[in-house]
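Grab a pencil and work through these short exercises. Try each task yourself before you read its solution.

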Amino acid sequence: MKKKIVGTGLGLYGLVCFMLLFGADAEAYIDPSVMTYVIQAVAGVVIALGAVIGIYWRRARRKIGNKLGLDENRGKEKESDEIKVTDI
C-alpha cells in the first residue's frame with residue numbers, strides 16, 4: 001500500500017505557479033564572467049553526455065554482436081604474450 005504525503009502535489013505546483021506569476025522585478029547586475037561559467041557548464045554537460053552515449057553505444061553494439069555471433073576482433077592481429085630475453 002502506498003502512503004500519500006499530504007500537500008506535496010497540488011501545493012508545490014501552486015506555490016511554483018504563484019512565484020512565477022507574481023515575481024518581483026529585480027534591478028541586478030550580471031557580471032561578464034558569468035557567461036564564462038555558463039559556457040563551462042554547458043561544455044561540461046555536452047562532454048558528459050557524449051561520454052555516456054559513447055559507453056552505452058559500445059555496450060549495445062557488443063551485445064548485438066554477441067547475439068548475432070559476430071566477432072569484433074575478427075580482422076585484428078594478436079600479439080603473443082611471450083617475452084624473449086637475449087644476452088648481449
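**Exercise 1.** Work out what share of the chain's residues is buried.

*Solution.* Keep in mind that this is a predicted model. A residue is called buried when its relative accessible area is under 20%. Of the 88 residues in the chain, 1% pass that test. Now look at the outside: the accessible surface comes to about 9700 Å², and carbon and sulfur atoms own 63% of that.

**Exercise 2.** Count the helices and strands, then check the span of helix α2.

*Solution.* Start with the count: the chain has two helices and zero strands. Next, take α2, which covers residues 33-68, 36 residues in total. At 1.5 Å a residue you'd expect 52 Å, and the distance from first to last C-alpha is 53 Å, so close to expectation. Finally, step just past the end of α2: there sits G69, with a positive phi of about 80°.

**Exercise 3.** Find the aromatic pair and say how its rings are arranged.

*Solution.* There's one aromatic pair to find. Its partners are F18 and F22, with ring centres 5.1 Å apart and 45° between the planes. Stacked needs under 30 degrees and edge-to-face needs over 60, so this pair is tilted. F18 belongs to helix α1, residues 9-21.

**Exercise 4.** Is F22 buried or exposed?

*Solution.* Exposed means over 50% relative accessible area. F22 has 59%, so F22 counts as exposed. Both F18 and F22 also help make a nonpolar surface patch of about 920 Å², along with L12, L15, V16, M19, L20 and L21.

Note on methods:
Residues are numbered from 1 along each chain as its sequence is written. This is a predicted model: local features need pLDDT of at least 70, side-chain atom pairs count only at pLDDT 80 or more; totals for chains, interfaces and linings use all residues. Side-chain values use heavy atoms; hydrogens and water are left out. Helices (H or I, at least four residues) and strands (E, at least two) are DSSP runs, numbered from the N terminus. Buried means under 20% relative accessible area, exposed over 50%, partly exposed in between (1.4 Å probe, protein chains only). Accessible areas come from the Shrake-Rupley method with a 1.4 Å probe; for residues, only the protein chains shown count as cover. Rings of Phe, Tyr and Trp (its six-membered ring) pair if their centres lie within 6.5 Å; planes under 30 degrees apart count as stacked, over 60 as edge-to-face and the rest as tilted. Patches are made of residues with over 30% relative accessible area and no salt bridge: like charges are joined within 9 Å, nonpolar side chains (Val, Leu, Ile, Met, Phe, Trp, Tyr) within 5 Å. A salt bridge is a side-chain nitrogen of Lys or Arg within 4 Å of a carboxyl oxygen of Asp or Glu.
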